[in-house]
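Hi,

Here is the model I promised to pass on. Have a look at it first, and then read my notes below.

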Amino acid sequence: MHPAAYSGGFLGLIVFILDLIAIFEVINSSRSVSSKLLWSLLIFLFPIFGLIIYFLFGGREEYNSGYETIA
């Protein structure tokens with residue numbers, strides 16, 4: 001089997017992980033419930049396009065309080 005045959009699965013896994021991170025970020029944000037639902041559906045139904053739109057136009061700095069350090 002050609003090594004390039006595995007690239008689609010690897011890229012799909014990367015997109016899936018980024019989608020999960022974005023949906024987790026949306027759910028933990030201070031947005032309204034309807035806004036959370038719409039962003040989550042956009043990311044879920046259009047994984048690559050929705051992720052790009054969310055990172056470009058989602059207003060992440062406004063709605064996310066940031067991450068706390070563990071240590």
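A definition before anything else: I call a residue buried if its relative accessible area is under 20%, exposed if over 50%, and partly exposed in between, using a 1.4 Å probe and protein chains only. By that yardstick, buried residues account for 20% of the 71 residues in the protein chain.

Some housekeeping. This is a predicted model, so to speak of local features I need pLDDT of at least 70, and side-chain atom pairs count only at pLDDT 80 or more, while totals for chains, interfaces and linings use all residues. Residues are numbered from 1 along each chain as its sequence is written, and side-chain values use heavy atoms, with hydrogens and water left out.

On to the fold. The protein chain has four helices and zero strands, giving the pattern α-α-α-α along the sequence. Helices here are DSSP runs of H or I with at least four residues, strands are runs of E with at least two, and numbering starts at the N terminus. If contact means heavy atoms within 4.5 Å, then 48% of the contacts between residues at least 6 apart in sequence join residues at least 24 apart.

The surface comes next. About 5600 Å² of the protein chain is exposed, with carbon and sulfur atoms supplying 74% of that; areas are from the Shrake-Rupley method with a 1.4 Å probe, and for residues only the protein chains shown count as cover. There is a nonpolar surface patch made of Phe10, Leu11, Leu13, Ile14, Phe16, Ile17, Leu18, Leu20 and Ile21, together offering about 830 Å² of accessible area. A patch takes residues with over 30% relative accessible area and no salt bridge, joining like charges within 9 Å and nonpolar side chains (Val, Leu, Ile, Met, Phe, Trp, Tyr) within 5 Å. A salt bridge, in turn, is a side-chain nitrogen of Lys or Arg within 4 Å of a carboxyl oxygen of Asp or Glu.

Two patch members are worth a click. Leu18 sits in helix H1 (residues 7–27) and is partly exposed because its relative accessibility is 35%. Leu20 is also found in helix H1, and its 45% makes it partly exposed too. The C-alpha atoms of Leu20 and Leu51 are 10.0 Å apart, with their positions 31 residues apart along the chain.

Now the rings: how many aromatic pairs does the structure hold? Two. Trp39 and Tyr54 pair edge-to-face, at 5.3 Å centre to centre with 70° between the planes. That pair links distant parts of the chain, 15 residues apart: Trp39 is in helix H2 (residues 33–45) and Tyr54 in helix H3 (residues 47–57). Tyr54 and Phe55 make a tilted pair, with 5.6 Å between centres and 55° between planes. Rings of Phe, Tyr and Trp (its six-membered ring) pair if their centres lie within 6.5 Å; planes under 30 degrees apart are stacked, over 60 edge-to-face, and the rest tilted. Trp39, Tyr54 and Phe55 are thus linked into a cluster by ring pairs. Tyr54 counts as buried because its relative accessible area is 0%, whereas Phe55, at 35%, is partly exposed.

Ser40 lies in helix H2 and counts as buried because its relative accessibility is 15%. Beyond neighbours within four places in sequence, Ser40 is in contact with Ile23, Val26 and Ile27.

Lastly, the unreviewed UniProt entry places "transmembrane region" at residues 6–26 and 38–57. UniProt positions follow the numbering used here, feature names are shortened, and annotations may be inferred rather than shown by experiment. Residues 38–57 are 95% helix and 0% strand in the model, with end C-alpha atoms 13 Å apart.

Cheers
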